[in-house]
Amino acid sequence: MLNEIRVGLLGLGTIGTGVARILIEQQELMRRRLGKTVRLVAAADRDLDRDRGLDFSGVRLSDDAKDILTADDVDLVVELIGGYEPARSFVVTALEHGKHAVTANKALIAKHGEELFPLAAKNGVAIGFEAAVGGGIPCLKALREGCAANAVLSVYGILNGTCNFILTKMENEGADYADVLKEAQELGYAEADPTFDVEGIDTAHKLSILAAMAFGSKIKFDEVFTEGISKITASDIESAAELGYRIKLLGIAKPHGVDGEVEQVEMRVHPTLVPVDSQIAQVSDSYNAVMVSGDFVEHTMYFGRGAGERPTASAVVADIMDIARVCSGDAPDGVDKLAPPMAFCENERRELPTLPMADVQCEYYLRLMVKDEPGVIASVTSILADHRISLEAVLQKERSAAQHVPVIMLTHETSEGNLQAAISRITQLSSVDPDVLILRKESFGA
Ligand code: HSE
């Protein structure tokens, strides 16, 4: 077994099948790149009857994950089951049995990464999770290694293909959210239960990992401010376009502190107005993009497929190859030669507080439903003036038979706390419907 690493695969679903395909079909290319062999020795899945169009001869197939997690002939376990449990228990077992672990599971890393990283280090094994953020885009490697010389100034991106597909389609076709979501489900983009995607949770998982890696902090998924896209209407997209903006679901993270010392981390996921000619606005359909700005490198952008069998499997196998390069049968102890999983030495990662949302500074898009009668706009703008919130634009839609008509306002920068205080006063006006849509606007200087 010299010069070889033996892989056991948990999950032969879409991505697992892609990983098996690469390990079987690209073995010679990988050997030429690595100077050693990566061999798929075992795979487990509850459904072994389905034809995956692959020749599994020489691969031990099982319907029980335990046959892989504790097997003597497996050096590296790939977890592609997804979700929090049993994925967490499986990865813990693999690490405790001295096996390297590679996963595409963003939920697992966002929620349990802080348990898994020290466990891997204690057992002298590696943990890889490139595919957890941006699918096939090698953005974590770029952030961890390519940008290692930089203090990161911001990281943001479109991290969920389902939401980007829905928003793009709503914009291009003037279609309603519910209709496009249904189509996305029929096309297999969105899950039957689309909550994690459309409510921003999947993006928050990924952003919490990016932020911690960028700023040397601990992963704090539970503290990410998270709003999804389900309240956006075709009319909001049209109004944003009239004002020169496109609406994208973004994950945004920025460091706060003095003299380059990070003291707080800003993390938020929400539908965001971005200038129609900005780079991020050009990322359409189900594509993802991650933007990293560093103090030396300046602005960088990583673009590609954030999901799907082949792109995601590509990132999983890149992790396997990184580990294989330094830790195969004839060199089992090479973990220290890898960059630390979260880009900073484990003992240098800090417990940094999250910036309270009330302190976040933003520009805003407000959609108010108001009674079409004299003095309404004046009452609203007078409250905004009380809160020192200045307006960039106001758009009033034409009269309709409806009791309320939409009025769109774009504000200049203010704090979220101040904006929310103004909105709670505005919604007490009898001529304003209490259901106000608040979207945030970013220009990122690009
Ligand atoms: N469901 C995700 C998306 C892919 O739509 O981008 C996996 O995180």
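Eight residues surround the ligand: Lys-106, Asn-160, Gly-161, Thr-162, Asp-197, Asp-202, Lys-206 and Ala-307. The model is predicted. The space that the ligand takes is the largest pocket. Elsewhere, the count of salt bridges comes to 33. Several of them link distant parts of the chain, including Asp-322 with Lys-141 and Lys-254 with Glu-442.

**The ligand and its surroundings**

- Asp-197 offers a side-chain N or O atom 2.9 Å from a nitrogen atom of the ligand.
- Asp-202 places a polar side-chain atom 3.1 Å from an oxygen atom of the ligand.
- Lys-206 has a side-chain N or O atom 2.8 Å from an oxygen atom of the ligand.
- On its own, the ligand exposes 260 Å², and the protein buries 83% of that.
- The ligand occupies the largest pocket. Two elements each give two or more residues to the shell around the ligand: helix 7 (161-173) and helix 10 (201-215).

**Glu-4 and Arg-39: a link between two strands**

- Glu-4 and Arg-39 form a salt bridge, with their closest N and O atoms 3.1 Å apart.
- Glu-4 belongs to strand 1 (residues 4-10) and Arg-39 to strand 2 (residues 37-44), so this salt bridge ties together parts that are 35 residues apart in sequence.
- Glu-4 counts as buried because its relative accessibility is 12%, and buried means under 20%.
- Arg-39 has 33% relative accessibility, so it counts as partly exposed.

**Asp-322 and Lys-141: a link between two helices**

- A salt bridge joins the side chains of Asp-322 and Lys-141, at 2.7 Å from N to O.
- Asp-322 sits in helix 12 (residues 309-326) and Lys-141 in helix 6 (residues 139-146), so the pair links distant parts of the chain, 181 residues apart.
- Asp-322 is buried, at 17% relative accessible area.
- Lys-141 is partly exposed, at 31% relative accessibility.
- This pair also belongs to a network of salt bridges that links Lys-141, Glu-145, Asp-322 and Arg-325.

**Lys-254 and Glu-442: a strand and a later segment**

- The side chains of Lys-254 and Glu-442 meet in a salt bridge, at 3.5 Å from N to O.
- Lys-254 lies in strand 9 (residues 245-258). Glu-442 lies in the segment after strand 17 (437-441). The two residues are 188 residues apart.
- Glu-442 is buried, with a relative accessibility of 7%.

**Asn-288: a buried polar residue in a strand**

- Asn-288 is part of strand 11 (residues 287-294).
- At 1% relative accessibility, Asn-288 counts as buried.
- Its side chain reaches a backbone atom: the oxygen of Leu-159, at 3.3 Å.

**Helix 11 and the residue after it**

- Helix 11 spans residues 234-242. Its buried residues include Ala-234, Asp-236, Ile-237, Ser-239 and Ala-240.
- Gly-244 comes just after helix 11 and takes a positive phi of about 95°.

Methods. Residues are numbered from 1 along each chain as its sequence is written. This is a predicted model: local features need pLDDT of at least 70, side-chain atom pairs count only at pLDDT 80 or more; totals for chains, interfaces and linings use all residues. Side-chain values use heavy atoms; hydrogens and water are left out. A salt bridge is a side-chain nitrogen of Lys or Arg within 4 Å of a carboxyl oxygen of Asp or Glu. Helices (H or I, at least four residues) and strands (E, at least two) are DSSP runs, numbered from the N terminus. Buried means under 20% relative accessible area, exposed over 50%, partly exposed in between (1.4 Å probe, protein chains only). A residue is near a molecule or strand if one of its heavy atoms lies within 4 Å of it. A polar contact is a pair of N or O atoms within 3.5 Å; within protein, one must be able to donate a hydrogen and the other to accept it, and residues adjacent in sequence count only if both atoms are side-chain atoms. Accessible areas come from the Shrake-Rupley method with a 1.4 Å probe; for residues, only the protein chains shown count as cover. On a 1 Å grid over the protein atoms alone, a cavity is a set of points where a 1.4 Å probe fits but cannot get out, and a pocket is an open set with protein on both sides within 12 Å along at least five of seven lines; lining residues have an atom within 4 Å of a point. A molecule sits in a cavity or pocket if more than half of its atoms lie within 2 Å of its grid points.
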